[in-house]
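Thanks for coming. I will take a few places in this structure one after another, and then turn to the chain as a whole.

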Amino acid sequence: MAIVNIIMPKLGESIMEATVLKWHKKIGDFVKLDETLLDIATDKVDSEVPSSAEGILEEILYKENEVVPIGAVFARIKTSTPDPQPENISPAPPAYISQSTNGKHIEEKKSESIAENVPYQPVENVQKSTGNSKVVRFYSPLVMNIATSEGIPLSELEQITGTGNEGRVTKQDVLNYLENKKHRPSSSIKSNTENLEPRDTQPPTSRFYSTADSSAQGASTEVIEMDRMRRLIADHMIKSKEISAHVTSFAEADVTHLVKWREKNKSVFEKREGEKITLTPLFLEAIVKSLKKFPLLNSSVDGYNILVKKDIHLGMATALPNGNLIVPVIKFADQFSLIGLTKQVNRLAQAARNGKLTPGDTQDGTFTFTNIGTFGSLMGTPLINQPQVAILATGAIQKKPVVVESEKGDSIGIRHMMFVSMSYDHRIIDGAMGSAFLSDFVKNLESFDLNREI
C-alpha cells in the first residue's frame with residue numbers, strides 16, 4: 001500500500017492560494033481517479049479539484065474555510081499499488097526558525113520535509129512583542145475580511161486567542177469574539193481594551209468598511225451577510241477607485257444595421273453553426289478594431305511605467321444566477337472571426353452561469369466590455385477592471401426619431417439608437433484619446449455592412 005500526497009494544483013499565474021469551500025469526500029471514503037474531492041474558491045472564481053490518485057482518503061489536512069497555498073499537500077490517499085521508488089528530486093535546503101529570547105539568539109532546525117509540511121504563505125502577518133521575544137502571527141484572508149468588515153483594528157485582532165494550528169486565529173475565533181463583545185458590559189470592554197492602541201476617529205483605512213448606524217438595526221431591519229464573491233467584488237471595486245483616476249466619456253451610436261443584419265441572419269447562423277448569435281460578438285469585433293488603432297487603451301500601469309499589451313484579451317462582464325457578476329476573458333480576441341467570437345462568447349457565458357469556469361478563464365484580460373443594456377439601463381459609468389485602464393459599456397437599444405443625412409438632404413427616420421460609455425484611467429488616457437477611441441468604436445458600429453456574408 002502506498003500513501004499518495006494530493007497537492008493543490010496551480011490555478012493560474014497570479015493565484016497563490018485557495019480557500020476550501022466544501023469537501024465532497026470524508027476520511028475513509030473510496031475516491032476514484034479524477035473524481036471531485038473538494039470545491040475551492042480563489043479571488044477569481046470557484047472551481048472543483050479532482051483527485052490525482054485512486055484509493056481510500058486517509059487524511060484531510062485542511063478543513064472547510066481554511067486557506068491552502070498552491071503546491072501544498074491538502075490530503076493523502078492510500079492506494080492499492082506498492083510503494084513507489086523515491087523520485088530523483090533534489091532535496092530542499094533546511095529551513096530554520098530564528099528567535100530572539102532574552103538577548104540570546106537561537107536557531108532551531110526544522111526536520112519536516114517539504115512534502116510533510118508545506119509552509120503557509122500568509123496574506124497578513126504581524127509581529128507581536130511578548131517580553132523580549134517576537135512572535136509572528138498569521139491571518140488568513142477569510143479572517144482579515146471579517147475583521148475589516150466588522151471594524152476590528154489590527155491591534156484588537158492581536159488580542160484574540162487563536163485555537164487553530166500553532167495558535168492561528170480562525171474564523172470561529174473571530175465570530176466568538178464578536179459574539180462575546182456584544183454581551184460584554186461597557187465597563188468590561190473598556191478595561192480589556194485600555195492598553196490597546198487608540199482607535200482613529202476616522203473610518204478604517206481598509207478598502208471596505210461599515211458606514212451603517214448600528215443603533216438603527218432592529219426588528220425593522222433585515223441584515224444580509226455578503227457572500228464570498230460579493231465581498232471580493234466590493235473590495236475589487238473600492239481598490240479600482242483608489243488606484244485609477246476615473247473619467248467617463250459618452251457617445252450615441254446608430255446600430256440599425258447591426259440589429260437588422262442579426263435579425264436577417266440569426267436563423268441561418270444557428271442552423272449552420274449550431275450557435276445562437278447575439279449582438280455581443282459584433283460589439284467585441286468593433287472593440288478589437290478600435291484597440292488596434294489605439295493600443296494605449298490595451299495596457300496597464302506599473303508605477304510610472306505603461307505596459308502596452310500586444311495581445312488583445314477581451315473580458316466580458318457576465319451576470320450569474322445569484323446576481324453577482326464575473327468577467328470571463330476571450331484570449332487573443334483579435335485572432336477570431338465573427339463565428340469564432342460568437343462561439344467563445346457562448347461558451348464562456350454558459351460556463352459562467354453553470355459554475356464551470358476555470359481560474360484561467362478569468363485571467364489576463366486587457367480590456368473589458370459590459371452590456372448594461374441587458375438590464376434596461378440606458379447608460380452607465382462602469383468601474384475599471386484592474387489592472388486594465390479602460391472599460392466600455394453599451395446601453396439599451398431604443399427606436400428613436402433621428403435626423404438622417406443623405407445626398408438628397410436631411411430627413412427624419414426611425415433608427416435603433418444606443419448610448420455607449422467608456423471609463424478610462426486619466427493617468428495615461430486623456431480626454432482627447434478617450435473620446436477619439438469612443439468615436440472610432442461608434443464609427444465601426446454605424447459602418448457595419450448590412451449585406452455582409454456570415
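Asn305 sits in strand 15, which covers residues 305-308. Before I go further, please keep in mind that this is a predicted model. Is Asn305 buried or exposed? Neither term fits: with a relative accessibility of 47%, Asn305 counts as partly exposed, because the exposed class begins over 50%. In space, the C-alpha of Asn305 is 9.9 Å from that of Ile428, although 123 residues separate the two in sequence.

Next, a strand with two faces. In general, side chains in a regular strand alternate between the two faces of the sheet. Strand 5, residues 46-50, has such an alternation. Ser47 and Val49 point to one face and are buried. Asp46, Glu48 and Pro50 point to the other face and are not buried. Which way does strand 5 run relative to strand 4? The two are antiparallel, and 5 bridges join them. Strand 4 spans residues 36-41, and Ile40 stands opposite Ser47 of strand 5.

Now the aromatic rings. The count comes to 5 aromatic pairs. One of them is Trp23 with Phe74: the ring centres are 5.9 Å apart and the planes stand at 45°, so this pair is tilted. Trp23 belongs to strand 2, residues 17-23, and Phe74 to strand 8, residues 73-79, so the pair links distant parts of the chain, 51 residues apart. Both Trp23 and Phe74 are buried.

Another pair, Phe294 and Phe437, is edge-to-face, with 6.0 Å from centre to centre and 75° between the planes. This pair also links distant parts of the chain, 143 residues apart. Phe294 lies in the loop between helix 7 and strand 14, while Phe437 is in helix 9, residues 431-446. Phe437 counts as buried because its relative accessibility is 0%. Together with Phe367, Phe294 and Phe437 form one aromatic cluster.

On the surface, there is a nonpolar patch made of Phe250, Leu378 and Met379, with about 270 Å² of accessible area together. Leu378 is in the loop between strand 20 and strand 21, and is partly exposed at 36% relative accessible area.

Finally, the chain as a whole. The protein chain has 9 helices and 22 strands. Of its 454 residues, 39% are buried. The accessible surface comes to about 26,600 Å², and carbon and sulfur atoms account for 51% of that. Among contacts between residues at least 6 apart in sequence, 62% join residues at least 24 apart.

Terms used. Residues are numbered from 1 along each chain as its sequence is written. This is a predicted model: local features need pLDDT of at least 70, side-chain atom pairs count only at pLDDT 80 or more; totals for chains, interfaces and linings use all residues. Side-chain values use heavy atoms; hydrogens and water are left out. Buried means under 20% relative accessible area, exposed over 50%, partly exposed in between (1.4 Å probe, protein chains only). Helices (H or I, at least four residues) and strands (E, at least two) are DSSP runs, numbered from the N terminus. Two strands pair if DSSP finds at least two bridges between them. Patches are made of residues with over 30% relative accessible area and no salt bridge: like charges are joined within 9 Å, nonpolar side chains (Val, Leu, Ile, Met, Phe, Trp, Tyr) within 5 Å. Accessible areas come from the Shrake-Rupley method with a 1.4 Å probe; for residues, only the protein chains shown count as cover. A salt bridge is a side-chain nitrogen of Lys or Arg within 4 Å of a carboxyl oxygen of Asp or Glu. Contact means heavy atoms within 4.5 Å. Rings of Phe, Tyr and Trp (its six-membered ring) pair if their centres lie within 6.5 Å; planes under 30 degrees apart count as stacked, over 60 as edge-to-face and the rest as tilted.
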